[in-house]
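Let's take a friendly walk through the side chains of this model, from charge pairs to rings to a pocket. Have the structure open beside you as you read.

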Amino acid sequence: FAVVVQPMANLPDDEKTIKVVNHGPGGPIRSRRGRAYLSPFIEFVDGGRQYRDPYDGFTNEVPPDYFCHLDHQGKRADLNDRPELHCGSVEFVANEDYCKGKKLPLAP
């Protein structure tokens with residue numbers, strides 16, 4: 001068997017660009033137990049105050065600045081405004097906790 005590893009390929013003209021998600025100085029929101037990032041597969045519960053990680057079933061608190069009410073179908077009211085909740089691929093902006101030596105890289 002073989003594996004081909006390649007950085008993000010060039011997008012064809014008919015495809016949308018990958019969205020960049022910045023959750024601010026706290027960095028990307030992740031599950032406390034499994035450390036999974038937010039994705040279209042998480043389920044919001046308790047009126048939007050918590051979310052369930054689809055990988056290990058652990059329920060996490062939603063940070064207050066990320067809270068949004070759920071509609072009658074249990075979906076966030078801002079679902080279409082949050083690419084991390086409806087796109088298959090997104091790029092998260094990391095904070096210094098995710099960088100070697102806790103030092104942010106220089107801007108390109």
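Glutamate 43 is a good place to begin: with a relative accessible area of 42%, glutamate 43 counts as partly exposed (buried means under 20%, exposed over 50%, and partly exposed in between, with a 1.4 Å probe and protein chains only). This is a predicted model, in which local features need pLDDT of at least 70 and side-chain atom pairs count only at pLDDT 80 or more, while totals for chains, interfaces and linings use all residues. Residues are numbered from 1 along each chain as its sequence is written, and side-chain values use heavy atoms, with hydrogens and water left out.

**Charge pairs**

Side chains of opposite charge can pair when their charged atoms come close. How many salt bridges does a search of the whole structure find? The search gives five, where a salt bridge is a side-chain nitrogen of Lys or Arg within 4 Å of a carboxyl oxygen of Asp or Glu. Here are some of them, with the distance between the closest N and O atoms.

| Acidic partner | Basic partner | Closest N and O atoms |
|---|---|---|
| Glutamate 43 | Arginine 52 | 2.9 Å |
| Aspartate 46 | Arginine 49 | 3.3 Å |
| Aspartate 97 | Lysine 102 | 3.0 Å |

Arginine 52, the partner of glutamate 43, is partly exposed at 31%. Aspartate 97 is exposed, at 52% relative accessibility, and lysine 102 is exposed too, at 54%. In addition, Arg76, Asp78 and Arg82 are joined in a network of salt bridges.

Aspartate 46 has a backbone feature to look at as well: its phi is near 55°, a positive value in a residue other than glycine. Aspartate 46 sits in the loop between β2 and β3 (50-52) and is partly exposed, at 41%; strands are DSSP runs of E with at least two residues, numbered from the N terminus. Arginine 35 also has a positive phi, near 65°, and belongs to the loop between β1 and β2.

**Aromatic rings**

Now to the rings: the structure holds two aromatic pairs (rings of Phe, Tyr and Trp, the last by its six-membered ring, pair if their centres lie within 6.5 Å; planes under 30 degrees apart count as stacked, over 60 as edge-to-face and the rest as tilted). Tyrosine 37 and phenylalanine 92 make a stacked pair, 5.2 Å centre to centre with 20° between the planes. Because tyrosine 37 lies in the loop between β1 (19-21) and β2 (43-45) and phenylalanine 92 in strand β5 (residues 90-92), this pair ties together parts 55 residues apart in sequence. Phenylalanine 44 and tyrosine 51 form a tilted pair, at 6.2 Å centre to centre and 55° between the planes. Both phenylalanine 44 and tyrosine 51 are buried.

Which charged residue lies over the face of phenylalanine 44? That is arginine 76, at 4.9 Å from the ring centre. Likewise, the charged end of arginine 30 sits over the ring of tyrosine 37, 4.4 Å from its centre. For this, NZ of Lys or CZ of Arg must be within 6 Å of the ring centre and within 35 degrees of the ring normal.

**The largest pocket**

Finally, glutamate 43, phenylalanine 44 and arginine 76 are among the residues that line the largest pocket. On a 1 Å grid over the protein atoms alone, a pocket is an open set of points where a 1.4 Å probe fits, with protein on both sides within 12 Å along at least five of seven lines, and lining residues have an atom within 4 Å of a point.

Methods
Helix = DSSP H or I, 4+ residues; strand = E, 2+ residues; numbered from the N terminus.
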